[in-house]
Amino acid sequence: MSNLSIDPRVKLSVFFLLFTFSFFLSSISSALILIVLCLAISALDKVLKKVVRKLIIFIPMLVVALLLWTFFSSFSLFYVKNENMNILNGVFMSTRLFLFLTISMTFIFTTTPEEMIKGLDALHFPKSLVFLFGLSLREIDSVSRDFISIKESQASRGLELDKGSLVKRIRNHIPILIPLLVRSVESAEKLTLAMELKAFNLSNKRRSSNLKLSKTDFIILVIVTFVGLTAVFLLR
Amino acid sequence: MEVVSSLSVKNLSCSYDSKSVFNNFSFSLRGGEALAIVGRSGSGKTTLAYCLTGIIPNIVQAKVNGEILLDGKNILGKRPCELVEDINIIMQSYETQIFGLSVEEDIRFGLENLGLKEEEIKNRVEFVLKVIGLEKYREKLTRNLSGGLKQRLAIASTVAMNPKFIVMDEPTSNLDWKGTKSLIEIIETLKKHGVGIVLLTKRIKGLESYLDKVIKLDEEQRSLSYDFKHRKIQDKNSNGSEETLVELQNVWFKYEDDDFSIKDVSLSLKSGKVYAVMGSNGSGKTTLVKLFNGLIKPKKGKVLVLGKDTRKYSTAELARYVAIVFQDPEKQITFDSVIEEATFGCKNLGLPLSYAYEALEILKLKEKSLFSPLSLSTGEKVRLSIASAIAMRPKLLILDEPTTGQDETTLRIINNVIKSLREEGKAVVVVTHDSDFALSIADEVLVMREGLLLVHSTPSKILLNEDMLEKFELEPPSCIQQEAFVRDIQ
């Protein structure tokens, strides 16, 4: 984690476990325990404020989810006939949704792209896959930077982006998308070139990092597994 | 005794779809020497670099004839990956060449691809980190490096692969004076280690004394003499009838979660004046000018454009008063033809399209109005983006680094445009590293450092004062460089 040094493998495993647990849990209290666990992780990494700030944005969505699951769950594909439990069902589903959001946000704020790549590499994912993943992360970054600067230069030429009807606004984004597309193709070509110049080949099987698990890593992994298993299997 | 390698190019010609780029070009170079090949934009410098490194004809399709002899063996037509240990390239967009997460990993990347033994890799990594001066950045994440350091890393990773010759395509175009100085040091070091350097550049200003040979790539370049030295340098007097176009009142600005990048700046821009905004990379120059047309809004303080608070207006609404031409002209090319591109702003603002035709005329692009903008050379693309800005008849025109990497023809045209705008009573703000350009054109110079506006004075007081230049890490103008050169010789 950016402020707390934890082995990237442990980090990926922790979030993988958390996601898995959240699919298997079946009671509101277990969901709540996992939410608290997640928030504790983000507090440890000093990003609690950021996570909470992002989660607040989703409150309207949670309210809608609560209403839908309470009153319209009979239309759902996953509907199990259980007439008296509708309000509880609604609360459970929206709590679980909230849990998914909390895990995702904690993951995003505590894990850098570099850690994800290192983690995957150290967990012996295929080299080509790890490399591809790294490249795409890098491209996302450069495309988003290009998007901002193209938007700025077109707005400076009098292109109005934030006014008018929705259709008009979408149409006004075309002069941004065209240069963005052209640039992305160009940068992909340059990337091919650069790979060639580094004599890139997939026969290189060397793993980049020699990571060692520390005590903290073990403790965190054990706590998450223990709390998660308790929440899922004991609090049914 | 170490054998000195040699590179000799004989009668090299290259053409794309029967359109010739250069013909019968020849030169020779030995290891430990530095050669500059100078040419205006569009003269085929990148094409030449691609031919030398095997990118043409293997990856980029083009017809190429002649010989490229490396230690006597013709390497023309070999694949780049076969040549990496003979001749390698630092591309103009060197950021693409960085693959590693950290500095050290990036240097290792190429070496691992070569299949070297771990011990050899370690030795080479240590060697380049030391030689290129990246030791203290070894663990740093590559994406957090500044532009200059990224370039240094791209050089380091290439040097690690042990090429006998390195081609650098426009290495100085994005560097400030400090960056240029450290690039010169690297070139010196590489020369000492027996590496031959081919620099492809539009201007060799500042590099002269470190080069062993200079060759001009195109005919036109030979007849041009745009000489900064003989220009009369004097501060211009104001004519009295000035209107305040933009006013900043104690402005503070920061991007989310960052430190303040503009700190308590107050200034006012008047009509009929040319301002040069100077300072090293990352000092807040571009951020400052983005405040002028409301692309970013101040966190504290006020920015007034003709008395209008930018917080209440969108950039599009302010575009009729303030226009910005950004550094990379390719970022705004949207349409199929030059004329459509030039009229885009007029259409958005409901102005007569004839303004755009006039603008193209001024920028000497009228004959190309039906061409595709993508077919233009870099210099022409810059001119097109300036045309599309002045077509909106703004009261204030902002040019972000218009001179970087430009050839003399483009520079002259830009210079004339700025002068005529001033005569029309408009204001121009130029963000630049180029002291000669600032001296020749500006009425006032604003020096930025770490978000602060340090000085706001006349060009001669800042740019002809050696203490000031050193203090603010600005590029000394040619006249001062020459004086220093003469002093050194004496």
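**Exercise 1. Identify the bridge partner of B:Ile37 in strand 9 of chain B, and place the two strands within their sheet.**

Solution. In this predicted model, B:Ile37 has B:Ile215 as its bridge partner in strand 9 of chain B. Next, consider the strands: strand 3 of chain B, residues 34–38, pairs with strand 9 of chain B over four bridges, in the parallel sense. The wider sheet of chain B is open and has five strands in the order 6-7-8-3-9, with parallel pairing. Strand 6 (87–90) and strand 9 (213–216) of chain B are the edge strands, each pairing on one side only. From one strand to the next, the twist averages 20 degrees.

**Exercise 2. Determine which strands of chain B helix 6 and helix 7 of chain B lie across.**

Solution. Begin with helix 6 of chain B (residues 147–160), which lies across strand 6 and strand 7 (165–169) of chain B. Helix 6 of chain B runs at about 170 degrees to strand 6 of chain B. Proceed to helix 7 of chain B (residues 177–192), which lies across strand 3, strand 7 and strand 8 (196–201) of chain B. Its angle to strand 8 of chain B is about 150 degrees.

**Exercise 3. Characterise the packing of helix 13 against helix 14 in chain B.**

Solution. First, the geometry: the axes of helix 13 (residues 378–390) and helix 14 (residues 408–423) of chain B come within 10 Å and cross at roughly 15 degrees. Angles under 35 degrees count as roughly parallel, so helix 13 of chain B is roughly parallel to helix 14 of chain B. The crossing of these two helices of chain B is left-handed. Second, the residues: helix 13 of chain B contributes B:Gly379, B:Val382, B:Arg383, B:Ile386 and B:Ile390, while helix 14 of chain B contributes B:Thr410, B:Ile413, B:Ile414, B:Val417 and B:Leu421. By class, the residues of this contact divide into seven nonpolar, two polar and one charged.

**Exercise 4. Describe the extent of the interface between chain B and chain A.**

Solution. Start with the contacts: 57 residues of chain B are in contact with 42 residues of chain A. Then take the area: the two chains, B and A, bury about 4,300 Å² between them, of which 57% is on carbon and sulfur atoms. Finally, locate the leading contributors in chain B: B:Phe99, B:Asn113 and B:Lys331 lose the most area to chain A, together 16% of what that side buries.

Notes: Residues are numbered from 1 along each chain as its sequence is written. Chains are lettered from A and ligands numbered from 1 in the order in which they are written. This is a predicted model: local features need pLDDT of at least 70, side-chain atom pairs count only at pLDDT 80 or more; totals for chains, interfaces and linings use all residues. Side-chain values use heavy atoms; hydrogens and water are left out. Two strands pair if DSSP finds at least two bridges between them. Axes are lines fitted to C-alpha atoms, for helices over the stretch in contact, and angles run from 0 to 180 degrees between N-to-C directions. Contact means heavy atoms within 4.5 Å. Buried area is the accessible area (1.4 Å probe) that two parts lose on being put together, summed over both. Angles under 35 degrees count as roughly parallel, over 145 as roughly antiparallel, 65 to 115 as roughly perpendicular and the rest as oblique. A crossing is left-handed if the near helix is turned anticlockwise from the far one by less than a right angle, and right-handed if clockwise. Ala, Val, Leu, Ile, Met, Phe, Trp, Tyr, Cys and Pro count as nonpolar, Asp, Glu, Lys and Arg as charged, and the others, Gly among them, as polar.
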